[in-house]
Amino acid sequence: MSEITLVEAVNLALARAMGEDKDVLLLGEDIGVNGGVFRATNGLQARFGRERVIDTPLAEGGIAGVAVGMAAMGLKPVAEIQFSGFIYPAIDQIINHASRMRNRTRGRLTCPMVLRSPCGAGIHAPEHHSESPEAMFAHMPGLRVVAPSSPARAYGLLLASVRDPDPVIFLEPTRLYRLFRQEVEDDGVELPLDACFILREGADATVVTWGAMVPETLAAAENLEEEGVMIEVIDVATLKPLDVETILRSVEKTGRCVIVHEAPRTAGFGAEVAAEIAERALYYLLAPIKRVTGYDVVVPLAKLEKQYIPSVDRIVDGVRQVMEAS
C-alpha cells in the first residue's frame, strides 16, 4: 500500500478497471499521448493502447455522444471533459440520451458510461475552469452524481461508477487533486455508491458537505472542538441519489444542521438537503438550518478566488450561529 494523491487514485482506479474488463475504454481531449490536462490518465495509452485510450477532437458534445453510442453497444466508456466549464455542450447528449436510455428502451438497453470532469475553484484558473455544476446534474432524472473528497474515496467510488450499469457523472475537485496524500490499496475493492460517509462524529451540530469543501469543514471541526463544540461531519459523496437517511439520523441526534458547498447559493444542492430535513426532521431542529456557500456570482479570478470559496472561518461562524440560535 502506498500514499498517493487524489489524481493518482483516479489513474489507479482507471488502470484497475481497464485491466479487469476489456470493455472499459477511455476517451477525451489530450488524455492519451499527454495523459490528460491534470495527468489523470498518464501512462494508460502506453499500457492499454490507442484503441482503448482515445484522443478526441476538442468537441465535448461529440465526446459525450460517442460515449453514449459505445455504452449502448455494450462497451463501458469513461469520457473526460477537461474542465466542468466546458461540459455544457455535452448536456444535450447526457440529458436527452444517456440519462433516458434505460427508460426509453424499457430496460432493453442501459448506458454504462462515466463522464469524468475536474470541477471547482482554487487553482487560479481563468473563467470556465472553476465551475461547480453538481446541482444541475442532480436535477436530471436517470443520472447518478458522485463527488469524491479523498484519494481513497476517489479510487473506490470511481471503480463502483465504472462497474455501474447506468450513467454516472463523476466530478473530481480540482484543488484536491494534489492537496494531500492518503494510503490507498490497489485491491479492486469499490466503495458503495448512494451512501454518505460520516467522517467525524459529534453531538452538537451536523455539518453536511461534499467534494472540495471537506478539508475546510474538517479543519473547522478541529477549531470548534477547542471551543467545546463537537460537530458531526457528513461527506455526501453521492449527491444523486442522496442518502438522506444518514443525514436525518444525524440531525435527529444533534438538532442542528449546517450545509457547506462551494457552488453558488441559489438553487445549490444545499437547498435540496435543507428541504429534505425540513420535510422529514423539522421537529428535531433546535435552530434554523444554515447554509455556508459560494456567492451568486461567476467564480472570480485569482485575486478574489479565496474570498469566494467558503473559508474555515465562515464555516466556524455558521456553526456558532446555529449554536447560539438554540
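## Two domains and the spaces between them

In this predicted model, 28 residues of domain 1 are in contact with 26 residues of domain 2. The chain is split into domain 1, covering 2–184, and domain 2, covering 197–324. Taken over C-alpha atoms, the centres of the two domains are 26 Å apart. That contact region is a good place to start, since several empty spaces turn up there.

**Pockets and cavities**

Rolling a probe the size of a water molecule over the atoms shows where empty space is left. Here is how the pockets and cavities work out.

| Space | Volume | Lining by class |
|---|---|---|
| Largest pocket | about 270 Å³ | 11 nonpolar, 4 polar, 2 charged residues |
| Second largest pocket | about 210 Å³ | 7 nonpolar, 2 polar, 3 charged residues |
| Largest cavity | about 130 Å³ | 7 nonpolar, 3 polar, 2 charged residues |
| Second largest cavity | about 40 Å³ | 6 nonpolar, 2 polar, 2 charged residues |

Let's take the largest pocket, with its volume of about 270 Å³. It has 17 lining residues, and Y88, E131, S132, P133 and P264 are the closest to its centre. Two elements give two or more residues to this lining: α6 (134–138) and β13 (257–264). Where does the largest pocket lie relative to domain 1 and domain 2? Both domains give residues to its lining, so the largest pocket lies between them.

The second largest pocket has a lining you can go through by name. Its residues are A135, A138, H139, L239, K240, L242, V244, A267, G268, F269, E272 and E276. At least two residues each come from α6, β12 and α10 (269–280). Which element gives the most to this lining? That's α10, with 3 residues. The second largest pocket also lies between the domains, because domain 1 and domain 2 both give residues to its lining.

Now for the closed spaces. The count of cavities of 30 Å³ or more comes to 2. Around the largest cavity you'll find C119, G120, S132, E134, A147, L171, P173, W210, G211, A212, M213 and E262. Domain 1 and domain 2 both give residues to this lining, so the largest cavity lies between them. S132 is worth a second look: it lines this cavity, and it is also listed among the residues closest to the centre of the largest pocket.

The second largest cavity has about 40 Å³ of space. Its lining is made up of A125, P126, E127, H128, S130, E131, V298, V299, P300 and L301. Each of the two domains supplies at least three of those residues. E131 is another residue to flag: it lines this cavity and also appears among the residues closest to the centre of the largest pocket.

**The sheet**

On to the strands. An open sheet is formed by 7 strands, in the order β3-β2-β4-β5-β7-β6-β12, with mixed pairing. Why do β3 (53–55) and β12 (238–240) each have one side without a neighbour in the sheet? Both stand at the edges with a single partner strand each, so one side of each is left open in that way. From one strand to the next, the twist averages 20 degrees.

At the β12 edge, the partner is β6 (residues 144–146), joined to β12 by 2 bridges, and the two strands run antiparallel. Looking closer, V146 has T238 in β12 as its bridge partner. Helix α7 (residues 151–163) packs on the sheet and touches β2 (24–28), β4 (76–80), β5 (114–119), β6 and β7 (168–173). The direction of α7 makes about 160 degrees with that of β7.

**Two backbone spots to check**

Most residues other than glycine have a negative phi, and most peptide bonds are trans. This model has an exception of each kind to look at. K240 and P241 are joined by a cis peptide bond, with omega about 0 degrees. P241 sits in the loop between β12 and α9 (244–254), while K240 is one of the residues lining the second largest pocket.

The other spot is D194, where phi is near 65 degrees, a positive value in a residue other than glycine. Where along the chain is D194? You'll find D194 in the loop between β8 (182–184) and β9 (197–200).

Note on methods:
Residues numbered from 1 in each chain as written. Predicted model: local features only at pLDDT ≥ 70, side-chain atom pairs only at ≥ 80, totals over all residues. Heavy atoms only, no water. Pairing = 2+ DSSP bridges. Helix = DSSP H or I, 4+ residues; strand = E, 2+ residues; numbered from the N terminus. Axes fitted to C-alpha atoms, helices over the stretch in contact; angles between N-to-C directions. Contact = heavy atoms within 4.5 Å. 1 Å grid on protein atoms, 1.4 Å probe; cavity = no way out; pocket = protein on both sides within 12 Å on 5 of 7 lines; lining within 4 Å. Points joined across faces, edges and corners; volume = space filled by probe spheres on them. Nonpolar A, V, L, I, M, F, W, Y, C, P; charged D, E, K, R; others polar. Domains from an automatic or database assignment.
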